[in-house]
Amino acid sequence: MKTRFEREDQKEKRMKRLHENADGSLPDYSQGIHAPDHESGKSRRWYQAKVLPFVVRLILGGVFIYASVDKILHPAAFAEAVYNYKILPDALINLTTIILPWLELLLGVFLILGLWLPGAVLLSNLLLVTFFGALVFNLARGLDIHCGCFTTSQEATLDLCMCLYMIRDGIFVLLALYLFSNIFFREWQAADESPHKQRSPL
Amino acid sequence: MAETERVKRIGLRMVRQAGAIVLLAVIIGVMVNQIRSDRLPLVADWSPEARLTLESGESMVIPIEEARELCSSQSATFLDARSSELYEHGHILCARNLPWNAVDEHFDTVMADIHQDALLIVYCDGESCPESKDLALDLFYRGYENVRVLVNGWSLWVEQHLPVEKGPCQGES
């Protein structure tokens, strides 16, 4: 069993080794202990370019898949929820009920697997902005509806205030917008690096 | 100019892929709907009359004239399915408040002296407000067989200058 003193000593030695210069001399610690700038910049760029978009894709993909399951299982209850929004004409209510959950499921899978990302991200943005707009629209006209976002059961969500739905959906919209800008920038760079490269028709 | 061209190319790629995903969702959605037992018709009638028709084909809708007569003869119990706040603000004369958003909480108190054969008229506010339909069906499945829905009840009642009151029902004991 190591004493606290021994553990702290080992930690200090590890830190020393980490910041030792190639010639064995210690760097100037007068500016504080930190990794060299180019290293931290590189890891930050790597984080921004790879990790963060992937995490956001996982979150949005998970949200879409989670949101689709209950709607696919209970189409009649979801049709009621769509009807309650009072936005769509009657002729489109059932079609939306039949297609929208599968669109959400596909988007979730495509986002997580990274397939057809530009299209999936564009659609995610369109869907989330539409959902957010519908909530704001109904709140503005004083309609306290059951949103049917994640569950078709009315009892489970009746107590949740519309404002909470709006905050939650607002966060999703922001995440989707971030992903859109990231994908657009990535596509822009790809076009820059290989302007004449043959790409798939999609 | 080259930048505009590039933006256009990226945009087109996004739109093409998005279109393909939507098409895939349409194909899967329609196919799955066709083979499932609880399939929905692609286009349905969502009018209040169609929504308020029981599986037996009997309509639950009651016309305003009939409701007015039943109110004046006091031969039906009116149930306001809106929230307690809206009920307090104004309701049909002697209607009881059974808010759909807290139906289990209020059910025993409100329905204690009402027999299951009694004629009940449920209403909320708005052409397509869901509370009256949901409450009517809930009552029907609880064994109240004479339940009718006054579509767009509150607005229609006020428009026709029929008797209303504020606060709790004055006829209540």
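Me: How many helices and strands does the secondary structure of chain A come to?
Reply: This is a predicted model. Along the sequence, chain A reads α-α-α-α-α-α-α. Its count is zero strands and seven helices.

Me: What percentage of the residues in chain A is buried?
Reply: Chain A has 202 residues. A buried residue has 20 or more other C-beta atoms within 10 Å of its own. In chain A, the buried share is 27%.

Me: What share of the contacts in chain A with a separation of 6 or more comes from residues 24 or more positions apart?
Reply: Here the separation is counted in positions along the chain. Contacts with a separation of 6 or more form the total. Residues 24 or more positions apart account for 69%.

Me: How many helices and strands are there in chain B?
Reply: From the N terminus, chain B runs α-α-α-β-α-β-β-α-β-α-β-α-β. Both kinds of element appear in that pattern. The count for chain B is seven helices and six strands.

Me: What percentage of the residues in chain B is buried, and what share of its contacts with a separation of 6 or more comes from residues 24 or more positions apart?
Reply: Chain B has 173 residues, and buried ones make up 29%. For the contacts, the separation along the chain is what counts. Residues 24 or more positions apart account for 62%.

Me: Why does the distance between the end C-alpha atoms of helix H1 of chain B agree with its number of residues?
Reply: H1(B) covers residues 2-35, which is 34 residues. The expected span is 1.5 Å times one less than the number of residues. That gives 50 Å for H1(B), so the end C-alpha atoms agree with it: they are 50 Å apart.

Me: Which residues of H1(B) are buried, and which helices of chain A are included in what covers them?
Reply: The buried residues are B:Arg13, B:Met14, B:Gln17, B:Ala18, B:Ile21, B:Ala25, B:Gly29 and B:Asn33. Part of their cover comes from chain A. It includes helix H4 (90-113) and helix H5 (117-140).

Me: How many residues of chain B are in contact with chain A, and which element gives the largest share?
Reply: On the chain B side, 29 residues are in contact with 32 residues of chain A. One element of chain B contributes 18 residues to this side, the largest share. By class, the chain B side has 18 nonpolar, five polar and six charged residues. The element with the largest share is H1(B).

Me: Why are H5(A) and H1(B) described as roughly perpendicular?
Reply: Two packed helices are described by the angle between their axes and the distance between the axes. For H5(A) and H1(B), the axes lie 7 Å apart at an angle of about 75°. Angles of 65 to 115 degrees count as roughly perpendicular. The two helices are therefore roughly perpendicular.

Me: Which residues of H5(A) meet H1(B)?
Reply: On the H1(B) side are B:Arg13, B:Met14, B:Arg16, B:Gln17, B:Ala18, B:Ala20 and B:Ile21. The residues of this contact divide into eight nonpolar, two polar and two charged. From H5(A) come A:Pro118, A:Gly119, A:Ala120, A:Leu122 and A:Leu123.

Me: In what order do the four strands of the open sheet in chain B stand, and which are the edge strands?
Reply: The order is E3-E1-E4-E5, with parallel pairing. Four bridges join E1 (residues 77-80) to E4(B). Four bridges also join E4 (residues 120-123) to E5(B). An edge strand pairs on one side only; these are E3 (96-97) and E5.

Me: Which residues stand opposite B:Asp80 and B:Val122?
Reply: B:Asp80 faces a partner in E4(B), namely B:Tyr123. B:Val122 has its partner in E5(B). That partner is B:Val149.

Me: Which way do the residues of E5(B) point, and which helix lies across E1, E4 and E5 of chain B?
Reply: B:Val147 and B:Val149 point one way, B:Arg148 and B:Leu150 the other, and all are buried. The helix lying across the three strands runs at about 175° to E5(B). It is helix H6 (residues 130-141) of chain B.

Me: Is B:Gln74 buried or exposed?
Reply: B:Gln74 lies in the loop between helix H3 (64-72) and E1 of chain B. Its phi is near 50°, a positive value in a residue other than glycine. It has 11 other C-beta atoms within 10 Å, and 12 or fewer count as exposed. So B:Gln74 is exposed.

Terms used. Residues numbered from 1 in each chain as written. Chains lettered and ligands numbered in written order. Predicted model: local features only at pLDDT ≥ 70, side-chain atom pairs only at ≥ 80, totals over all residues. Contact = placed C-beta atoms within 7 Å. Nonpolar A, V, L, I, M, F, W, Y, C, P; charged D, E, K, R; others polar. Axes fitted to C-alpha atoms, helices over the stretch in contact; angles between N-to-C directions. Parallel < 35°, antiparallel > 145°, perpendicular 65-115°, else oblique. Pairing = 2+ DSSP bridges.
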